[in-house]
Amino acid sequence: MSSNHKSSHAQWGSRVGFILAATGSAVGLGNIWKFPYMTGQSGGSAFVLTYLLCIAFIGLPILVAEWLIGRRGQKNPIHAMEDVAQQNRRSKAWKLVGVSGVLGSFLILSFYSVIGGWAVDYIFITASGAFNGMDGQATESLFTGFLGNPSQLLTWHSIFMLLTVVIVAMGVSGGLERASKLMMPALALVLLVLVAYGAFFTNSFGAAAAYLFSPNWSAINGTVILAALGHAFFTLSLGMGIMMAYGSYLGQEVNLIKTARTVVILDTVIALFAGLAIFPLVFAHHLEPSSGPGLIFITLPIAFGNMTGGTLLGVLFFILLTFAALTSSISLLEPTVELLEEKTPLSRKAATAVAGGAIWLLGIACLLSFNSWSDVMIFGNNIFDALDKLTSKLMLPLTGLATIIFAGWFMNQESIRQELGLSGAAYTVWKIVSRFIAPIGVIIVFVASLLG
Ligand code: PHE
Ligand code: NA
């Protein structure tokens with residue numbers, strides 16, 4: 001297939017560069033903001049354990065499939081799907097998978113940027129020493145006041161979106177990714193300090209660990225499973241053509257399965273650390289685990305406000321969180337920019353501004369749903385919830401399903417076997433997972449969620 005490599009299409013200098021970009025996209029608010037609050041809303045370990053199963057048996061193979069198709073297609077996701085379909089003499093309609101992906105990334109970035117803005121603002125709030133000595137009630141009411149202030153949310157949403165646009169327009173994401181080589185371990189380290197705080201300075205670490213990990217099978221139902229599946233897609237940046245696009249920059253020598261395993265493990269470890277840092281504080285301070293999107297902004301400040309050096313650590317934490325969010329948000333902006341660049345006469349800079357502007361506008365609707373527009377409902381959800389559910393629970397899984405069905409059933413299997421470098425039993429496992437377990441898993445989740 002290397003004859004398909006366009007000479008104009010740059011390759012990653014190294015496997016490391018690629019892993020950094022892919023991990024940069026994967027590790028973000030999804031791990032530290034979303035994973036804990038989803039866990040709290042979906043009954044703890046019931047969610048965590050199904051999530052881990054979804055990651056291993058559905059997320060990992062779909063990640064491999066996206067890279068595989070991207071490496072073949074050597075183009076943006078829509079055209080990659082179209083091309084690879086044609087190489088395999090399949091219908092051009094497969095490009096709809098790419099279309100849905102671009103739309104998904106557009107919608108996700110609109111609310112992602114709002115939350116990214118919270119992270120940036122919390123750098124300054126922490127720095128001001130506002131959390132010193134605060135208990136859970138105080139950090140909660142500070143957060144509630146913050147949410148109720150549309151102009152404050154708008155300011156920080158705008159700043160976060162602007163940062164994203166500037167980075168994408170200047171094409172400096174390479175530097176950012178290299179920086180994340182330092183930032184990611186630093187983030188993990190700060191989280192570990194917070195885990196230790198929960199372990200040694202609260203009396204609730206055991207309760208938190210049990211809540212997260214001790215099996216509670218009776219709490220598993222269709223709703224929990226769908227939430228876990230949706231989050232598996234969200235956290236690995238799947239079902240949007242983003243990983244497919246990254247795959248198009250990937251040289252043939254890179255081992256896709258090993259690389260995918262690395263990215264998945266890093267992503268999962270960061271999420272679990274976040275859970276272990278947050279839930280001891282939730283229980284020790286009698287906070288509501290199911291309180292929703294504000295969870296980390298209410299819990300972690302308690303630790304920052306009550307430990308030695310907490311202000312410094314807190315500032316560092318929110319800076320690192322902002323960087324993690326930015327390496328994800330730039331990957332979310334890229335598909336729309338690429339599409340505009342290709343389909344319109346706009347230059348890259350103009351395309352970035354237009355795409356960023358449109359997403360920023362939608363983000364305003366989203367931030368208002370936390371206050372002035374909180375009673376605007378779409379099928380019983382406020383705008384933020386509606387966008388989140390539409391993407392995570394519907395678009396990403398369906399797009400991912402199409403991707404894995406395409407790779408498992410519609411591509412030349414012998415060439416995939418060679419490309420993955422598999423033989424014997426390992427190939428049989430891949431085949432069973434990609435043809436049956438992953439697609440049937442997604443379908444079962446949908447059926448289960450319909451049954452409630
Ligand atoms: N995976 C990112 C996170 O966990 C979010 C994201 C979703 C990024 C989809 C790109 C695409 O924060
Ligand atoms: Na993630």
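This briefing describes the fold, the ligand shell, two local sites and the confidence of a predicted model. The chain has 18 helices and 0 strands (DSSP runs numbered from the N terminus, H or I of at least four residues for helices and E of at least two for strands). Residues are numbered from 1 along each chain as its sequence is written, while chains are lettered from A and ligands numbered from 1 in the order in which they are written. Because the model is predicted, local features need pLDDT of at least 70 and side-chain atom pairs count only at pLDDT 80 or more, whereas totals for chains, interfaces and linings use all residues.

**Overall fold**
- The C-alpha trace spans about 65 × 50 × 45 Å along its principal axes.
- With 452 residues, the chain has a radius of gyration of 21 Å, which agrees with the value near 22 Å for a compact globule (taken over C-alpha atoms, with a globule rule of 2.2 Å times the number of residues to the power 0.38).
- Of the 452 residues, 53% count as buried (20 or more other C-beta atoms within 10 Å of the residue's own, against 12 or fewer for exposed and partly exposed in between, with C-beta atoms placed from the backbone).
- Among contacts with a separation of 6 or more, 84% come from residues 24 or more positions apart, a contact being two C-beta atoms, placed from the backbone, within 7 Å.

**Shell around ligand 1**
- Of the 16 residues around ligand 1, G28, G30, T235, S237 and S328 come nearest (near means a C-beta atom, placed from the backbone, within 6 Å).
- At least two shell residues are supplied by each of α1 (15–26), α2 (29–41), α5 (95–127), α10 (222–235) and α14 (310–343).
- The shell divides into 7 nonpolar, 9 polar and no charged residues (Ala, Val, Leu, Ile, Met, Phe, Trp, Tyr, Cys and Pro count as nonpolar, Asp, Glu, Lys and Arg as charged, and the others, Gly among them, as polar).

**Local site in α16**
- A386 is found in helix α16 (residues 383–410), and A386 counts as buried because 20 C-beta neighbours lie inside 10 Å.
- Not counting residues up to four places away in sequence, A386 touches I378, F379 and N381.

**Local site in α9**
- In helix α9 (residues 205–213), F205, A208 and Y211 are buried.
- These residues cover an arc of only 125 degrees around the axis, which puts them on the same side of α9 (the arc is that of the directions from the helix axis to the C-beta atoms).

**Confidence**
- The mean pLDDT (the predictor's confidence in each residue, from 0 to 100) is 91, and 96% of residues reach 70 or more.
- Over residues 1–9 the pLDDT is below 50.
- Where pLDDT is low, the predicted coordinates should not be read in detail.
- The predictor gives the complex an ipTM of 0.98 and a pTM of 0.93.
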